[in-house]
Amino acid sequence: MRSFLQPKEMAAALRRASGVVVPRTSARVSQSTSAAAQRIKTFEIYRYDPDAGGKPRAQKYEVDLNSCGPMMLDALIKIKNEIDTTLTFRRSCREGICGSCAMNIDGTNTLACLCAIPDVSTKTKVFPLPHMYVVKDLGTPPARRAPSPPSDRPAQAGTRSHARAPRDPHCPPHPVPDMSNFYAQHKSVQPWLNTKPGTDQTVENKQSKEERLKLDGLYECVLCACCSTSCPSYWWNADKYLGPAVLLQAYRWLADSRDATHKERLAFLDDAYKLYRCHTIMNCSNACPKHLNPGKAIQAIKKQLAH
């Protein structure tokens, strides 16, 4: 039976026949050369330690991108694990589903897990979400909060919010915002299905395909607050205006054919501040990392109230 050489064996046989010697150290040399060519990226992150006192500060970290994942969240985790364990930020799913890692990166509200690390030649700045009061971590007492930074956005100073300590626009804090007001607003729109009395809860509450399609672009919201904290109307009236994210969620239930409290939901939203502080600036739609359109949902609510 005739035997055939494999491609690698054939190449080796040809080299031996021709007297060509290939040094085995070439692979090691190439590896050491690539290891020497580090890609150092500088990150400037604003920090605040309520226990240490003093003003928040900007702290620089240098990371070799050759040993780091491609996303901003990868860089933050690497910094926390290998450089500074005191760095505090929220994260969970790493796939843009939970909305936990929302922050302002280079002046843009986004999710760190969906944001690719910018070019190595530039310095990347990480802020908390604009115009929200900030805590270092979840266990910080309510009295220990730092003011949120302007993060290169105009006209953010002086926003009215909860009755707390006045803001200092020169003190950007650590990137963990206080979401208490945001979640309370979300709860106020009753983000659940209100069925008719006597509805059988033991069977599936069905919709037609056309009715179900109306929910596309609404249910995908992960409540990261990137849209609300990019809205100037929300900066100035966060205590009264519900904001793009919450209004998108409100319309999600208005558009649901199975809900039995349509009139009650509209009556709750028919308010000069809750809804009509929206001036269609559309920052919200540009900022959404899930590519949703809160501005369109807000206009749909206004149309229903007009008719």
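What share of the contacts in the chain with a separation of 6 or more comes from residues 24 or more positions apart? The figure is 67%. Keep that in mind as you explore this predicted model.

**Stop 1: the whole chain**

Start with everything displayed as a cartoon. You can look for 10 helices and five strands. The chain has 307 residues, and 43% of them count as buried. Most of this tour visits a few helices, with α7 as the home base.

**Stop 2: α7 and α10**

Select residues 243–254, which form helix α7, and then residues 294–306, which form helix α10. Their axes lie 8 Å apart, and the two helices pack at an angle of about 55 degrees. An angle like this is neither under 35 degrees nor in the range 65 to 115, and α7 and α10 are therefore oblique to each other. Their crossing is left-handed.

Now show side chains. On the α7 side, pick P244, L247, L248, Y251 and L254. They meet P294, A297, I298, A300, I301 and Q304 of α10. Try colouring this contact by residue class: you should find 10 nonpolar residues, one polar and no charged.

**Stop 3: α7 and α8**

Keep α7 on screen and add helix α8, residues 262–269. How do the axes of α7 and α8 cross, and within what distance do they come? They cross at roughly 160 degrees and come within 10 Å. Angles over 145 degrees count as roughly antiparallel, so that is the label for α7 and α8. The crossing here is left-handed.

To see who touches whom, select L247, A250, W253 and L254 in α7, together with H262, R265, L266 and L269 in α8. By class, this contact has six nonpolar residues, one polar and one charged. Notice that L247 and L254 are also among the α7 residues that meet α10.

**Stop 4: the two sides of α8**

Stay with α8 and colour its residues by accessibility. Which of its residues are buried? They are R265, L266 and L269. Turn the view until you look down the axis of α8: the buried residues fall within an arc of 95 degrees, so they line one face of the helix. What covers them includes α7 and α10, the two helices you selected at Stop 2. Rotate to the other side of α8 and you will meet K263, E264 and A267, which are exposed.

**Stop 5: α4 and α7**

Next, hide α8 and α10, and select helix α4, residues 180–188. The axes of α4 and α7 are 9 Å apart, and the helices pack at an angle of about 20 degrees. Because that is under 35 degrees, α4 and α7 are roughly parallel to each other. This crossing is right-handed.

Show F182, Q185 and H186 in α4, and A245, V246 and Q249 in α7, to see where the two helices meet. The contact of α4 with α7 has three nonpolar residues, three polar and no charged ones.

**Stop 6: a loop residue**

For the last stop, leave α7 and select R90. You will find it in the loop between α3 (72–83) and β3 (102–105). Is R90 buried, exposed or partly exposed? R90 is partly exposed, with a relative accessible area of 23%. Finally, draw a distance from the C-alpha of R90 to the C-alpha of A112: the two residues are 22 apart in sequence and 9.9 Å apart in space.

How values were computed: Residues are numbered from 1 along each chain as its sequence is written. This is a predicted model: local features need pLDDT of at least 70, side-chain atom pairs count only at pLDDT 80 or more; totals for chains, interfaces and linings use all residues. Side-chain values use heavy atoms; hydrogens and water are left out. Axes are lines fitted to C-alpha atoms, for helices over the stretch in contact, and angles run from 0 to 180 degrees between N-to-C directions. Helices (H or I, at least four residues) and strands (E, at least two) are DSSP runs, numbered from the N terminus. A crossing is left-handed if the near helix is turned anticlockwise from the far one by less than a right angle, and right-handed if clockwise. Contact means heavy atoms within 4.5 Å. Ala, Val, Leu, Ile, Met, Phe, Trp, Tyr, Cys and Pro count as nonpolar, Asp, Glu, Lys and Arg as charged, and the others, Gly among them, as polar. Buried means under 20% relative accessible area, exposed over 50%, partly exposed in between (1.4 Å probe, protein chains only). The arc is that of the directions from the helix axis to the C-beta atoms.
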